[in-house]
Amino acid sequence: MTARDIALLCCLLPVVQGHATSVPAPFQVCADYHCDVQKPVKLGGRHWQEIRALFTDTRTAEQEREQIRAAIALMEQQVGEQTGSWRDLAKNDGDGSEIGQLDCIAESTNTTIYLKLLAQDRLLRWHQVTERRRRNPWLFNIHWTATIMEIQSRQEYAVDSWFFANGHPPVIQPIEAWLAGQDFGPK
């Protein structure tokens with residue numbers, strides 16, 4: 001095997017595996033309530049390989065939703081090391097004055113960014129990323145979530161990490177149940 005063959009093999013291997021060749025470009029995430037402050041984040045090759053490793057041998061949409069839960073939890077930890085959101089408590093327990101505490105606006109925005117990074121790397125085979133959704137069962141109780149849609153069934157799912165502290169897998173549930181106002185967090 002010549003040096004040219006080895007170079008060609010190195011270039012084609014990621015394509016054969018069905019993934020992009022590099023880590024995501026640096027991106028911005030919300031770092032406080034209402035996403036008033038954004039901070040730059042850069043994931044290294046080791047971090048992104050940990051994410052990619054979660055998406056091996058995906059055979060069903062249900063399995064992929066579990067992989068998404070694990071990936072969002074891991075990305076929250078990786079990003080939290082750089083932005084201080086590792087301190088984020090469940091729901092709004094920090095009352096917005098604590099460094100790194102996020103509300104549902106910031107959580108849903110960040111989760112949407114993470115989902116788009118997964119999609120850009122072609123890790124999602126069964127779902128596409130859709131727009132954030134809002135519910136307000138009472139006039140003053142507005143809540144936001146990231147969403148995905150199962151491609152085959154067209155079922156939309158909420159991907160909501162706000163109920164739990166940083167690094168905990170988010171709830172993924174049909175959007176109809178989420179809109180009905182089910183609460184999952186610590187009581």
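Which two residues form a disulfide, and how far apart are their sulfur atoms? Select Cys30 and Cys35 to begin the tour of this predicted model. These two cysteines are joined as a disulfide, with 2.0 Å between the sulfur atoms. The count of disulfides comes to one.

**Stop 1: the disulfide and the cysteines**

With Cys30 and Cys35 still selected, display the torsion about the S-S bond. The value is about -80°, so the disulfide is left-handed. Next, consider the surroundings of each cysteine. Cys30 has a relative accessible area of 1% and is therefore buried, since the cut-off for that class is under 20%. Cys35, at 17% relative accessibility, also counts as buried. Then move to Cys104, for which the relative accessible area is 10%; this cysteine is buried as well.

**Stop 2: helix 2 against helix 3**

Select residues 45-53, which are helix 2, together with residues 61-83, which are helix 3. The two axes come within 9 Å and cross at roughly 170°. Helix 2 is therefore roughly antiparallel to helix 3, because angles over 145 degrees fall in that class. The crossing of helix 2 past helix 3 is right-handed.

Now show the side chains at this contact. On the helix 2 side, select His47, Trp48, Glu50 and Ile51; on the helix 3 side, select Ala71, Leu74, Met75, Gln78 and Glu81, which they meet. Coloured by class, the contact of helix 2 with helix 3 shows five nonpolar, two polar and two charged residues.

**Stop 3: helix 3 against helix 4**

Keep helix 3 in view and add residues 104-120, which form helix 4. Cys104, the buried cysteine visited at the first stop, lies within this residue range. How are helix 3 and helix 4 oriented, roughly parallel or roughly perpendicular? Their axes are 10 Å apart, and the packing angle is about 110°. Helix 3 is thus roughly perpendicular to helix 4. Helix 3 passes helix 4 in a crossing that is right-handed.

For the side chains, select Ile68, Ala71, Ile72, Met75, Glu76 and Val79 in helix 3, which meet Glu107, Thr111, Tyr114, Leu115, Leu117 and Leu118 in helix 4. This contact of helix 3 with helix 4 comprises nine nonpolar residues, one polar residue and two charged residues.

**Stop 4: residues shared by both contacts**

Finally, select Ala71 and Met75 of helix 3. Both take part in the contact with helix 2, and both also appear in the contact with helix 4.

Note on methods. Residues are numbered from 1 along each chain as its sequence is written. This is a predicted model: local features need pLDDT of at least 70, side-chain atom pairs count only at pLDDT 80 or more; totals for chains, interfaces and linings use all residues. Side-chain values use heavy atoms; hydrogens and water are left out. A disulfide is a pair of cysteine sulfur atoms within 2.5 Å. Buried means under 20% relative accessible area, exposed over 50%, partly exposed in between (1.4 Å probe, protein chains only). Axes are lines fitted to C-alpha atoms, for helices over the stretch in contact, and angles run from 0 to 180 degrees between N-to-C directions. Helices (H or I, at least four residues) and strands (E, at least two) are DSSP runs, numbered from the N terminus. Angles under 35 degrees count as roughly parallel, over 145 as roughly antiparallel, 65 to 115 as roughly perpendicular and the rest as oblique. A crossing is left-handed if the near helix is turned anticlockwise from the far one by less than a right angle, and right-handed if clockwise. Contact means heavy atoms within 4.5 Å. Ala, Val, Leu, Ile, Met, Phe, Trp, Tyr, Cys and Pro count as nonpolar, Asp, Glu, Lys and Arg as charged, and the others, Gly among them, as polar.
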